[in-house]
Amino acid sequence: LLLREAHGDALVDHASGQRLAAGQELTLDAGILVPAAQQGVLDATNAGDVRARLVVEGANLPTDAAAQELLAARGVTVVPDFIANAGGIIAAAFGMRDRYSPFGVETDQIVPAVTERMRANTLTVLEAATTTGTTPHTAAGQLARDRVRQAMELRGQVPTTPAR
């Protein structure tokens, strides 16, 4: 509160009290970085300076492909935006199901269910990235395509693919 009174809404390093230039907050010494305001804030010019070991993308498209590759090469785990910020759409799915079902979902069940699905999806993506030797973004994209195709096949919207 005192720092805000002294500096307004400027970015301030809370450890030193010093005002930060835009973008410096991305390279502070931190365990987890959550770029959650704008797209394109991490790219080839600054991804090498990220000190966090985990980047959880809260914004849509905060990293570009070059940043994702650089971070992966440095051992920095990146949880893709469409995995990390999917809680709203998962909760909305409960609402849709509830709307068409005579057996409603209890609201106190939604947060734990969303949490569990987000954890499971994150682990699935990170394990797939490790197994395939790709970035989490690439693995997540492939998993999403596979799941959509499987759902379409189950609904008879595309011919089934031969077993691989």
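**Close-up views of a predicted model**

**View 1. F94 and its surroundings.** F94 has its place in helix α4. Like everything in these views, F94 comes from a predicted model. Buried or exposed? F94 is buried: its relative accessible area comes to 7%, and the cut-off for buried is under 20%. Set aside the neighbours within four places in sequence, and F94 is in contact with V105, I110, A113, V114 and R117. Take V105 from that list: V105 and F94 are 11 residues apart along the chain, and their C-alpha atoms are separated by 7.1 Å.

**View 2. Helix α4 against helix α5.** Pull back from F94 and the two helices come into the frame: α4 covers residues 87–99 and α5 covers residues 107–132. They pack at an angle of about 130°, and their axes lie 10 Å apart. That angle makes α4 oblique to α5. As for handedness, the crossing of α4 and α5 is right-handed. Which residues make the contact? On the α4 side they are G87, I90, A91 and F94; on the α5 side they are I110, A113, V114, R117 and M118. Sorted by class, the contact of α4 with α5 has 7 nonpolar residues, 1 polar and 1 charged.

**View 3. Helix α5 against helix α6.** Here α5 meets helix α6, which takes in residues 136–154. The axes of α5 and α6 come within 8 Å and cross at roughly 115°. That makes α5 roughly perpendicular to α6, since the class runs from 65 to 115 degrees. The crossing of α5 and α6 is right-handed. From α5, the contact draws on N121, T124, V125, L126, A128 and A129. From α6, it draws on P136, A139, A140, L143 and R147. How many residues of each class are there? The contact of α5 with α6 counts 8 nonpolar, 2 polar and 1 charged.

**View 4. T124 up close.** T124 has its place in helix α5 and is one of the residues in the contact of α5 with α6. How much of T124 is accessible, and what does that make it? With a relative accessible area of 30%, T124 is partly exposed. Not counting residues up to four places away in sequence, T124 touches L143 and R147. P136 is worth picking out here too: P136 and T124 are 12 residues apart along the chain, with their C-alpha atoms separated by 9.7 Å.

**View 5. The sheet.** This view turns to the strands. There are 3 of them, forming an open sheet in the order β1-β2-β3 with parallel pairing. Which strands sit at the edges? The edge strands are β1 (32–33) and β3 (77–79), and each pairs on one side only. Strand β2 takes in residues 54–56. Two strands, β1 and β2, run parallel and are joined by 2 bridges. For a landmark, find L33: its bridge partner in β2 is V55.

**View 6. L61 in its loop.** Next comes a backbone detail at L61. Where is L61? L61 has its place in the loop between β2 and α2 (65–73). What is phi of L61? It is near 55°, a positive value in a residue other than glycine.

Definitions and conventions:
Residues are numbered from 1 along each chain as its sequence is written. This is a predicted model: local features need pLDDT of at least 70, side-chain atom pairs count only at pLDDT 80 or more; totals for chains, interfaces and linings use all residues. Side-chain values use heavy atoms; hydrogens and water are left out. Two strands pair if DSSP finds at least two bridges between them. Helices (H or I, at least four residues) and strands (E, at least two) are DSSP runs, numbered from the N terminus. Axes are lines fitted to C-alpha atoms, for helices over the stretch in contact, and angles run from 0 to 180 degrees between N-to-C directions. Angles under 35 degrees count as roughly parallel, over 145 as roughly antiparallel, 65 to 115 as roughly perpendicular and the rest as oblique. A crossing is left-handed if the near helix is turned anticlockwise from the far one by less than a right angle, and right-handed if clockwise. Contact means heavy atoms within 4.5 Å. Ala, Val, Leu, Ile, Met, Phe, Trp, Tyr, Cys and Pro count as nonpolar, Asp, Glu, Lys and Arg as charged, and the others, Gly among them, as polar. Buried means under 20% relative accessible area, exposed over 50%, partly exposed in between (1.4 Å probe, protein chains only).
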